[in-house]
Amino acid sequence: MSWIEKRDNCKCWIACWRQGGRKVRRSTGIRIEAGAAGRHARAMAEQTAAAMETASTGETPAHKACDAVRKVAELHGCAGKIPTVREYLTNYPRKRGESSEMNQRRAFKVFLAYLGTDADKRIDTITPAICRGFVQHELRRVARGTVELYRGYVWSAFRRAVEVDDYMNKNPMAAVSLAEEARAVIPERGQDVQKRQPFTLEEIHFMIQSFPEPWNDMVAVSFYLGGLRISDVCMLRWEAVNWREGYIRLVEVKTRKERYLPILPQLRELLVQRLTQSAGGDEYVFPDMAHYYMGSSKTSISTQFTALLRAHGMIAGTVDAGKRKGTKRHAVSVKSFHSIRHSVVSYLRGGMTGTALFSPDAIRDTIGHDSEEVERGYFTGSLTMRRNVLSALAAGMESVQPTIDAAAARAYRQGA
């Protein structure tokens, strides 16, 4: 026998019944009211709960069985209005970070475009099949990492609709596996990842010595501070430099983590030179770049650096988006400013020489990575490293002392 109950943070009555020895809970969609309206709403909720329990034992999905009851309740003003997909995503809470907010808006825009006119239907009409179709559609258009980003933001929105706003019974995106869909739709792409290549130490030295100002100093600041991101280099303030104690305190633009990094003699010399050459009163170490970054030219900073690499013959070109299947796939440079970070990790972990210079924990703490999994994505080995590793195998074989008489072994093989 079904019944209804209230739950914390829920705006609607919850239908409950026993099925297979366990308690099942589903939202009725009937708003909890007070007074006379509340008594009428409660009666409607009980009818809905009974319909859902009946449907649970048959072939008709529960949400369809109670839909008719819910519509009657809406006519009588008892049911809470369930928003359309477009209404819900348009009014969804904003993200705190600028980058996260931009990515969320983009994900919602792409999802609504895929739905077309269905975006103006109630949010509880979205099914796993619709979500699966969306993921498959985007996998054919853009890189897998981009689809993963889209799926994550839409999944979070549906989760809130289930757990906080009580508009849906379950999250339809939770049933969609990106890995399974990618294997089915784009098996020829594998992991579909364009990995950045690290700079060699010689290339970094060349950039510091030969690139025009301020790029040469920006490369040096990034390298001597453990592969600092271009955003943190652009936004580095003079007030962050503690000359007396010999460290730089900064809050990372991307992660908002507070970092304390020591000032090496090479970096101190560079900073002193920039300070003496500045006009005075500058807030930022690289004032022009800070202005660009805070303005509308944020993305053009990386583009300028890539153009410098190409002009100096350090990259042959970009991965042609037309050659990578998908009509909206970005052209990706194999090396960028972020490759300095890859270089630092690869060098310190032995990717260039075959010998790790410090423990993984020490390197991770200095670079500012949160996990070993993240840092492994920045590691790139080299032929020199692999040659050293394989040479160690050969050296180990040469050091083995024979324990079986060679003549006896030959006689055994001949007998066999």
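## Hairpins, sheet and helix contact in a predicted model

Strands E5 and E6 form a hairpin in which six residues lie between the two strands, and Arg-256 in the turn has a positive phi of about 65°. The structure described here is a predicted model, and the account starts from this hairpin before turning to other parts of the chain.

### The E4, E5 and E6 strands

Arg-256 belongs to the loop between E5 and E6. The residue adopts its positive phi of about 65° although it is not a glycine. Because its relative accessibility is 56%, above the 50% cut-off, Arg-256 counts as exposed.

E5 (residues 247-251) and strand E6 (residues 258-262) run antiparallel and are joined by five bridges. Two of the pairings can be located by residue: Tyr-247 stands opposite Pro-262 in E6, and Leu-250 has Arg-259 of E6 as its bridge partner.

On its other hairpin, E5 is connected to E4, with four residues between the two strands. In that turn Gly-246 has a positive phi of about 75°. Strand E4 (residues 241-242) pairs with E5 in the antiparallel sense over two bridges, and Val-241 has Ile-248 of E5 as its bridge partner.

The three strand pairings with a stated number of bridges are set out below.

| Strand pair | Sense | Bridges | A bridge partner pair |
|---|---|---|---|
| E4 and E5 | antiparallel | two | Val-241 and Ile-248 |
| E5 and E6 | antiparallel | five | Leu-250 and Arg-259 |
| E2 and E3 | antiparallel | seven | Cys-12 and Arg-31 |

In a regular strand the side chains alternate between the two faces of the sheet. Along E5, Ile-248 and Leu-250 point to one face and are buried, whereas Tyr-247, Arg-249 and Val-251 point to the other and are not buried. E6 also alternates: Arg-259 and Leu-261 are buried on one face, while Glu-258, Tyr-260 and Pro-262 point to the other face and are not buried. The bridge partners Leu-250 and Arg-259 are thus both listed among the buried residues of their strands.

### The N-terminal sheet

Strands E1, E2 and E3 form an open sheet in that order, with antiparallel pairing. Strand E1 (3-5) and strand E3 (22-31) stand at the edges and each has a single partner strand, so one side of each is left without a neighbour in the sheet. From one strand to the next the twist averages 35°. Strand E2 (residues 12-19) pairs with E3 over seven bridges, and within this pairing Cys-12 has Arg-31 as its bridge partner.

### The contact of H10 with H12

The axes of helix H10 (residues 215-224) and helix H12 (residues 265-277) come within 10 Å and cross at roughly 145°. This crossing is left-handed. H10 contributes Asp-217, Ala-220, Val-221 and Tyr-224 to the contact, and H12 contributes Gln-266, Leu-267, Leu-270 and Arg-274. By class, five of these residues are nonpolar, one is polar and two are charged.

Pro-214 lies in the loop between helix H9 (201-210) and H10. The peptide bond that leads from Glu-213 to Pro-214 is cis, with omega near 5°.

### A buried aspartate in a loop

Asp-124 is found in the loop between helix H5 (98-115) and helix H6 (128-141). Because its relative accessible area is 16%, under the 20% cut-off, Asp-124 counts as buried. Tyr-167 is 43 residues away from Asp-124 in sequence, yet the two C-alpha atoms are 6.5 Å apart in space.

### The chain as a whole and confidence

The protein chain has 19 helices and eight strands. Of its 416 residues, 41% count as buried. Among contacts with a separation of 6 or more, 61% are accounted for by residues 24 or more positions apart.

The mean pLDDT of the chain is 83, and 84% of its residues reach 70 or more. Over residues 318-326 the pLDDT is below 50; this stretch nevertheless has 23 contacts in the model beyond near neighbours in sequence.

Note on methods:
Residues numbered from 1 in each chain as written. Predicted model: local features only at pLDDT ≥ 70, side-chain atom pairs only at ≥ 80, totals over all residues. Heavy atoms only, no water. pLDDT = per-residue confidence, 0-100. Contact = heavy atoms within 4.5 Å. Axes fitted to C-alpha atoms, helices over the stretch in contact; angles between N-to-C directions. Left-handed = near helix turned anticlockwise from the far one by under 90°. Nonpolar A, V, L, I, M, F, W, Y, C, P; charged D, E, K, R; others polar. Buried < 20%, exposed > 50% of the residue type's maximum accessible area, 1.4 Å probe, protein only. Pairing = 2+ DSSP bridges.
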